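Open the model in your viewer and keep the sequence panel beside it. The stops below say what to select next and what is there.

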Amino acid sequence: MKHTRPVIAALALLPAAALALAGCATGAADGGSAEGADGSTTLKVATIGLTSDGSLLTGIEQGFFAEEGLEIETSVVANPPAGLAAVQGGQVDIAYSPSVPLLNALSQGVPIRVVAAADGYPADGVEADEAVEFDDTGLYASAASGVASVEDLAGKTIAIPARKAQLEVVIAGELEKAGIDPETGVNWVVLDFTSAVAGLQNGTVDAAGLVSPFTSEAEDAGSALISSPSIGFFESGAVGLWTAGASTVEQKGEAVAAFQRAIAKSNAYASEHPEEAIQAGLDATESELAIEDVKLPVWPSEVRAEDLERPNEKMVALGFLAEPVDLDGIIVPQP
């Protein structure tokens with residue numbers, strides 16, 4: 001199976017500062033779950049349209065949620081901050097979010113809890129020479145730049161889709177490991193992905209942080225992959241998370257526990273039947289890619305404390321968080 005899992009560009013556009021959630025209420029999820037005539041509970045689940053959603057979708061198809069007395073109503077939101085705002089305000093019960101925007105929200109006191117793993121990397125990590133097999137982001141160098149490694153980026157220009165966003169966070173981690181100050185040692189320039197690929201081709205930028213399928217476009221144009229920054233930053237375990245508002249967890253504990261049990265079954269099933277799950281994700285996202293063109297998602301069985309502690313500590317060290325987020329009680333125990 002070839003590995004180029006498509007991701008939505010919104011993942012790279014997640015501010016590492018304000019999430020603009022101020023307009024959302026923090027009460028119970030009045031717009032969320034409801035009891036059906038057959039006694040089932042409807043949970044509203046917000047995704048951002050990833051291929052890895054195939055686990056949730058195949059789980060629904062396999063009846064894992066129905067077995068738990070749940071009916072799942074899915075919707076796609078523009079980006080993870082929008083999903084976090086929706087669970088905070090009660091418009092949905094469950095929402096997808098990577099750990100970086102979640103930590104930003106928690107640092108601002110937003111009452112969000114983590115209920116399950118959505119996607120990520122192998123629990124025991126990945127060897128450096130295998131990182132590209134799992135990472136659907138990439139740091140590419142222009143053929144004309146003379147850059148052959150991250151160490152060569154000192155004083156160079158790097159294109160990213162937004163400042164203080166997830167791609168800058170993970171690339172900053174690679175720069176720091178190479179002994180380059182991410183704040184002063186490079187020149188950041190904001191370009192959309194199409195413009196960034198063009199910039200690599202014409203040499204107006206030395207390097208660019210990209211996501212699939214733009215990574216393939218850069219390779220086809222002769223740019224060189226010099227780092228797989230996301231896996232270098234997160235290393236292992238759950239990165240994409242299923243979250244819920246604290247009030248939802250408190251007031252709808254039985255339904256949340258049922259979701260946890262069902263998504264655990266779904267992740268296990270997707271891991272055993274990856275092509276079926278990938279196809280479900282491709283169909284849902286209306287992607288034109290074939291299964292063989294898709295990077296194999298990893299659906300973790302659980303969210304470990306270190307899955308949040310690691311990015312928490314790194315974001316502080318890199319200056320994206322002023323202080324570590326208090327993670328006590330953030331992960332809801334599995335039933």
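Select Asp192 and Thr194, at the start of helix H7: a side-chain oxygen of Asp192 comes to within 3.1 Å of the backbone nitrogen of Thr194. That is a polar contact, meaning a pair of N or O atoms within 3.5 Å; within protein, one must be able to donate a hydrogen and the other to accept it, and residues adjacent in sequence count only if both atoms are side-chain atoms. Helices (H or I, at least four residues) and strands (E, at least two) are DSSP runs, numbered from the N terminus. This is a predicted model, in which local features need pLDDT of at least 70 and side-chain atom pairs count only at pLDDT 80 or more, while totals for chains, interfaces and linings use all residues. Residues are numbered from 1 along each chain as its sequence is written, and side-chain values use heavy atoms, with hydrogens and water left out.

**Along H7**

Now select the whole of H7, residues 193-202. Which of its residues are buried? They are Phe193, Ala196, Val197, Gly199 and Leu200. Buried means under 20% relative accessible area, exposed over 50%, and partly exposed in between (1.4 Å probe, protein chains only). These buried residues lie on the same side of H7, because they cover an arc of only 155 degrees around the axis; the arc is that of the directions from the helix axis to the C-beta atoms. Turn the helix to the face away from its buried side, and you find the exposed residues Thr194, Gln201 and Asn202.

To see what the buried residues of H7 pack against, add strand E6 (137-141), strand E7 (157-160), helix H6 (166-177), strand E9 (207-211) and helix H8 (214-220). Contact means heavy atoms within 4.5 Å. Gly203 follows H7, and its phi is positive, near 80 degrees.

**Two loop residues with positive phi**

Go to the loop between E7 and H6 and select Lys164. Its phi is near 55 degrees, a positive value in a residue other than glycine. Lys164 is partly exposed, at 31% relative accessible area.

Next select Glu235, in the loop between helix H9 (229-234) and strand E11 (237-245). Here too phi is positive in a residue other than glycine, near 75 degrees. Glu235 counts as partly exposed, with 36% relative accessibility.

**Thr47 and its surroundings**

Select Thr47 in strand E2 (residues 41-47). Is Thr47 buried or exposed? Thr47 is buried, with a relative accessible area of 6%. Show the side chain of Asp53 as well: a polar contact of 3.3 Å joins it to the side chain of Thr47. A polar atom of the Thr47 side chain also lies 3.4 Å from the backbone nitrogen of Gly49. Not counting residues up to four places away in sequence, Thr47 touches Asp53, Leu56, Ser75, Val76, Val77, Tyr96 and Trp242.

**Leu70 and Ala258**

Move to Leu70, in strand E3 (residues 70-76). Leu70 is buried, with a relative accessible area of 6%. Leaving aside neighbours within four places in sequence, its contacts are Thr41, Leu43, Phe65, Ala255, Ala258 and Phe259. The C-alpha atom of Leu70 is 9.5 Å from that of Ile60, which is 10 residues away along the chain.

From Leu70, step across to Ala258 in helix H11. Ala258 is buried, at a relative accessible area of 3%. With neighbours within four places in sequence left out, Ala258 is in contact with Glu68 and Leu70. Select Pro335 too: Ala258 and Pro335 are 77 residues apart in sequence, and their C-alpha atoms are 8.3 Å apart.

**A cavity**

How many cavities of 30 Å³ or more does the structure hold? There are two. On a 1 Å grid over the protein atoms alone, a cavity is a set of points where a 1.4 Å probe fits but cannot get out, and lining residues have an atom within 4 Å of a point. The second largest cavity has a volume of about 50 Å³, a volume being the space filled by probe spheres set on the points, with grid points joined across faces, edges and corners.

To display its lining, select Ala116, Ala117, Gln260, Ile263, Ala264, Asn267, Pro300, Ser301, Glu302 and Gln334. Strand E5 (112-121) and helix H11 (253-272) are the elements that give two or more residues to this lining. H11 supplies the largest share, four residues.

Terms used:
On a 1 Å grid over the protein atoms alone, a cavity is a set of points where a 1.4 Å probe fits but cannot get out, and a pocket is an open set with protein on both sides within 12 Å along at least five of seven lines; lining residues have an atom within 4 Å of a point.
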